[in-house]
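Here is my note on the model, arranged as numbered points that move from the domains of one chain to the contact between chains and then to the other chain. Please read each point with the structure open beside it.

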Amino acid sequence: MKSFTYEKAQSPAEAAAAAARIPDARFIAGGTNLLDLMKLEVETPAHLIDVNGLALDRLEPLPDGGLRVGALVRNTDLAADARVRRDYPVLARALLAGASGQLRNKATTAGNLLQRTRCPYFYDTNQPCNKRVPGSGCSALEGFSRPLALIGVSRTCIASHPSDMAVAMRLLDAGVETVKADGSRRVIPIADFHRLPGDTPQHESALAPGELVTAVSLPPPLGGKHYYRKVRDRASYAFALVSVAAVVQPDGSGRVALGGVAPRPWRLESAEAALPLGARAVTEQLLAGATPTQQNAFKIPLVQRTLSAVLAEAKG
Amino acid sequence: MKFDQPAQSNPIDQLKVVGRATDRIDGPLKTTGTAPYAYEQYQAAANPAYGYVVGAAIAKGRIVAMDAGEARHAPGVLAVITADNAGKLGKGSRNTAALLGGPEIQHYHQAIALVVAETLEQARAAAQLLRVDYARSPGAYDLAAVRDTATEPAEAMPDSRVGDFDGAYARAPVKLDASYSTPDQAHAMMEPHATLAAWEGDKLTVWTANQMIAWARTDLAETLGLPEDKLRVVSPYIGGGFGGKLFLRADVVLAALGARAIGRPVKVALSRPLMFNNTPHRPATLQRIRLGAEADGRLTAIAHESWSGDLRGGGPELAVQQTRLLYAGANRLTALRLAVLDLPEGNAMRAPGEAPGLMALEMAMDEMAEKLGLDPVAFRILNDTQVDPEKPERPFSQRRLADCLRSGAERFGWHARRSPGSRREGNWLIGLGVAAAFRNNLVMKSGARVRLDRHGILTVETDMTDIGTGSYTVIAQTAAEMLGLPLDKVVVRLGDSDFPVSAGSGGQWGANSATAGVYAACVRLRERVAERAGIPPAEASFADGQVRGGGGRGMTLAQAAAEGELVAEDSMEFGDLDKRYQQSTFGAHFVEVAVDYATAETRVRRMLAVCAAGRILNPKSARSQVIGAMTMGVGAALMEDLHIDKRQGFFVNHDLAGYEVPVHADIPAQEVVFLDETDPMSSPMKAKGVGELGICGVGAAVANAIYNATGMRVRDYPITLDKLLPGMPERAELG
Ligand SMILES: Cc1cc2nc3c(=O)[nH]c(=O)nc-3n(C[C@H](O)[C@H](O)[C@H](O)COP(=O)(O)OP(=O)(O)OC[C@H]3O[C@@H](n4cnc5c(N)ncnc54)[C@H](O)[C@@H]3O)c2cc1C
Ligand code: SF4
């Protein structure tokens, strides 16, 4: 870990301004991802801006019936909130499927959205990795790629986004509220929040330099039955090979989003029209154009079968 | 004391303390965080500096240039140790690769430098400032690709042939010829390799985490070129080892070199991401098994061949070893082949050889039973043997495999097993599986010293280690039993090379051998005590803290030691009883799994192990050993896999997020039953080992249960869902 300077932010706007002004500055929230990466010198910030003191740890109802989730609400608290459990159970289930109790106690809403890939080469500074060192090459493409992505990827990077929570947020069409360095505020639709790698896999989100996430707003509840089915190699404390988030309405319509298959939570609204036709039809559209490696091609039938089981349960 | 005749009745048979379920006496220290592990030896040496180990960035080649200038001038840095400035180093005979590499690099993450600084953070930061230029050489990283270059490791284990395998196999009416594979695995113990080293003049003390104190000292002496009597190795508490701490490792050597360079104690722990490639692992195997049987199920031909790889000078994984002994059959062949690989060093991990060997053999037995139309339990019992099948004149000292299988089948409800793929509960396909557990009982010379003080406190000293297994407790039980004392009058001090050399913790020989050494020392002490009490030793009896003679004459042990501490030292040396009798431990594993028919995720639902392993010295810690081993067996069956990057030559998933071992949610109800047994051929303790027996066969039992659940036979471990998916049933609702 490189030495760094540290400050406690006083207000969201000041935090954003400082982050844009000071070279190599990063926000630190729960630190459960950032500190690991700093110890390995995958990330080498010169300055940390601690956002934990900003009063962004509240949940408030919105006038339209939605819910605003502060950027610093801990994953544990969000999953346990009665409104979330009643109105957005897919979100509570996704959160509880992630990490471990101790980590969820520290992990924050914004930190979770912005956690970085678990591609093992990204974590090993001896290995080429375009995301860590742009232009150095992608070790995973012809190396160990079993856990990685197969759609939305590029020849420069096939990293998957590891978050469970983000998949549910995408399903719910959340909005990411931010404040920029100049103090202006905006809401980024979650669909536009995570970027695909293209030729610049180091750029992972739509955030401008210094831009701070202040909250995530959830639209009014969708009703229907909620599912978060996470498939993994062990029963707990493992990242998803594949996950399926779904809301299914009594008439068979609904929404589906996938985790573990793409560099961002994967949802295609157009594919959802096929829901009444069954899992195969939806999967074909969702994963059309997928470019799996030999090691992760199994994720395609796995998505279909998992979705199929979810739909069967929704019917039953 | 020499043990070369079967044990007669002796004080241990009283079983007042031995054989009773006893809490670990080191338990409170561990649960309160007060047991000083190597890195927490705060009292041992003041003001230590911190070392950070740098691993090679390539798998094979040379360091062309190393620039440590920037690192040396970084804040807090006291020294940078490399092969250039470390002085001449030897290599311990038990190490394959050098513990400090350079300029030649033999494997990925081989240590190439130690950065020593005032704080860990400073050392770690400075470590990133080392500039190293490498010249890579091509290496061999793919066992399957170099399989044909493998040769017979004649020294480690030559081929064995009995009868005429080829002829018998050709004639057999029922045959199986199948290939299996097991992956490279990591020990993944909780405590990393860690050492605190301090010099006093030309004497070096290392507080470390090591299973075999005497081996560590010899190999450290060879590596540093020092006489052994200048070295002290201390390892009282060890946070798991599983074989990963059998040998001297880089942390010890580098801490010693660092401490010498700066004239101050130095602490070194391997970082977790370094451990998977820096330290040894269990090597992968490719195995082929051929079985031939008569139509009635009697095996007539058994062949087991296994291929593994290691660095040049390394050894094979002895995966076929147990096949020589497990089942009857007149015509037999076993063969190992060893290829040169440039992956990190392969070496012993819990039940080396047996664990991967039985993962294959016991799956083959399941397949063969099905071909024969026999129940897998009955098929195994039918082919049981009471003698060494290669040398029928040599009996087993005890062999209750059939009892384990029968009793397990009964307890587990084995009769409920149905044909493959036919039992479904909701989304789950349910299956039952069985496998035999089989591991030899090894005995090793072991010594101890016992001291009785004027308060009647008995102190046992031996360099035996406790790697979380319960050694402290069984040793205390043994000494208490021998001297007629309650447990709280016994103090046990372990893991110090100043103490008599013991068997150490390895090969599941520790508990039986080390307690036998304590027994020997206690026999001597009893003589001394009796002498003091004026009682002829043969007439002395020890009970309730007293020694008594024939006429009721006697005194308390405290009184016997009133005029001065009584000390006795001895060791147990083993004769040829293990040559005359095959000593082994046996068990049967029963497993119920549920496989999700949509996702093919496997979850273990129930496990039972029935073991016959001699006298169980402490049923509580023995059970802990077996359930821990069963857990590790589930890991081997379902998830553990060091993924190789075959271009760069290293294990990619080198942390505990990437190398998955079972978590609590993976492990269901586990039941362990020990059959009542004593083995007078093993030692005066009449005990054997259980720590490795527990893992033997588990993987195959899980695999066989998965087959029973799904009808899918996966012969390549671990059985992850991607291997099952292609064969999982298509159901209407999966459309
Ligand atoms: C062993 C392990 C297992 C895990 N398993 C899972 C799992 O199964 N599923 C899963 O989903 N996750 C898993 N995680 C990841 C975990 O969810 C994340 O580490 C956590 O959510 C990150 O939140 P944090 O607050 O600690 O983020 P931090 O580490 O503090 O920050 C992460 C990133 O977000 C940025 N950031 C933080 N707050 C803001 C803000 N307000 N505005 C802008 N940027 C910000 C930081 O600068 C940093 O780049 C696991 C983690 C570990 C260590
Ligand atoms: S997949 Fe992406 S993160 Fe992984 S090695 Fe390639 S570039 Fe790096």
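1. Please keep in mind throughout that this is a predicted model. The domain assignment splits chain A into domain 1 (1-224) and domain 2 (225-315), and the C-alpha centres of these two domains are 22 Å apart. For comparison with the record, an unreviewed UniProt entry lists residues 1-223 of chain A under "domain: FAD-binding PCMH-type". Over residues 1-223 of chain A, helix accounts for 26% and strand for 16%, and 47 Å lies between the end C-alpha atoms.

2. The boundary between the two domains of chain A involves 44 residues of domain 1 in contact with 43 residues of domain 2. About 3600 Å² is buried between domain 1 of chain A and domain 2 of chain A, with carbon and sulfur atoms giving 58% of that area. On the domain 1 side, Arg146(A), Leu150(A) and Ile151(A) supply 22% of the area buried against domain 2 of chain A, more than any other three residues.

3. Turning to the polar side of that boundary, there are five salt bridges across the interface of domain 1 of chain A and domain 2 of chain A. Arg146(A), already named for its share of the buried area, also has its side chain in a salt bridge with that of Asp233(A), at 2.7 Å from N to O. Between domain 1 of chain A and domain 2 of chain A, 29 residue pairs are in polar contact, counting pairs with both residues at pLDDT 80 or more. Helix H5 (89-96) and helix H8 (165-171) of chain A each supply at least two residues of the domain 1 side that touches domain 2 of chain A, and the residues of that side divide into 26 nonpolar, 11 polar and seven charged.

4. Which elements of chain A give two or more residues to the side that touches chain B? Before answering, I would set out the extent of the contact: 36 residues of chain A are in contact with 39 residues of chain B, and the two chains bury about 3200 Å² between them, 51% of it on carbon and sulfur atoms. Four salt bridges cross the interface of chain A and chain B, and 16 residue pairs there are in polar contact, both residues being at pLDDT 80 or more. The elements in question are strand S9 (225-231), helix H10 (279-286) and helix H11 (299-315) of chain A, and H11(A) gives the most, with seven residues. By class, the side of chain A that touches chain B has 15 nonpolar, nine polar and 12 charged residues.

5. One salt bridge deserves a look in the viewer, namely that of Arg234(A) with Glu660(B), where the closest N and O atoms are 3.9 Å apart. The rule accepts a side-chain nitrogen of Lys or Arg within 4 Å of a carboxyl oxygen of Asp or Glu.

6. Chain B is assigned three segments of domain structure: domain 1 (2-35 + 443-575), domain 2 (44-138 + 193-278) and domain 3 (353-441 + 583-734). From an unreviewed UniProt entry comes the feature "domain: Aldehyde oxidase/xanthine dehydrogenase a/b hammerhead", placed at residues 32-138 of chain B. That span is 11% helix and 33% strand, and its end C-alpha atoms lie 50 Å apart.

7. The C-alpha centres of domain 1 of chain B and domain 3 of chain B are separated by 36 Å, and 32 residues of domain 1 are in contact with 27 residues of domain 3 of chain B. These two domains of chain B bury about 2200 Å² between them, 55% of it on carbon and sulfur atoms. In domain 1 of chain B, the residues that lose the most area to domain 3 of chain B are Phe3(B), Gln508(B) and Asn512(B), which together make up 30% of what that side buries.

8. Three salt bridges are found across the interface of domain 1 of chain B and domain 3 of chain B. Asp13(B) forms a salt bridge with Lys686(B), with 2.9 Å between the closest N and O atoms. Helix H12 (471-483), helix H13 (510-533) and strand S27 (566-574) of chain B each supply at least two residues of the domain 1 side that touches domain 3 of chain B, and H13(B) provides the largest share, five residues. The residues of that side of domain 1 of chain B divide into 14 nonpolar, 15 polar and three charged.

Technical notes:
Residues numbered from 1 in each chain as written. Chains lettered and ligands numbered in written order. Predicted model: local features only at pLDDT ≥ 70, side-chain atom pairs only at ≥ 80, totals over all residues. Heavy atoms only, no water. Domains from an automatic or database assignment. Contact = heavy atoms within 4.5 Å. Buried area = accessible area lost by both parts, 1.4 Å probe. Polar contact = N/O pair within 3.5 Å; in protein donor to acceptor, adjacent residues only side chain to side chain. Helix = DSSP H or I, 4+ residues; strand = E, 2+ residues; numbered from the N terminus. Nonpolar A, V, L, I, M, F, W, Y, C, P; charged D, E, K, R; others polar. UniProt positions renumbered as here; feature names shortened; annotations may be inferred.
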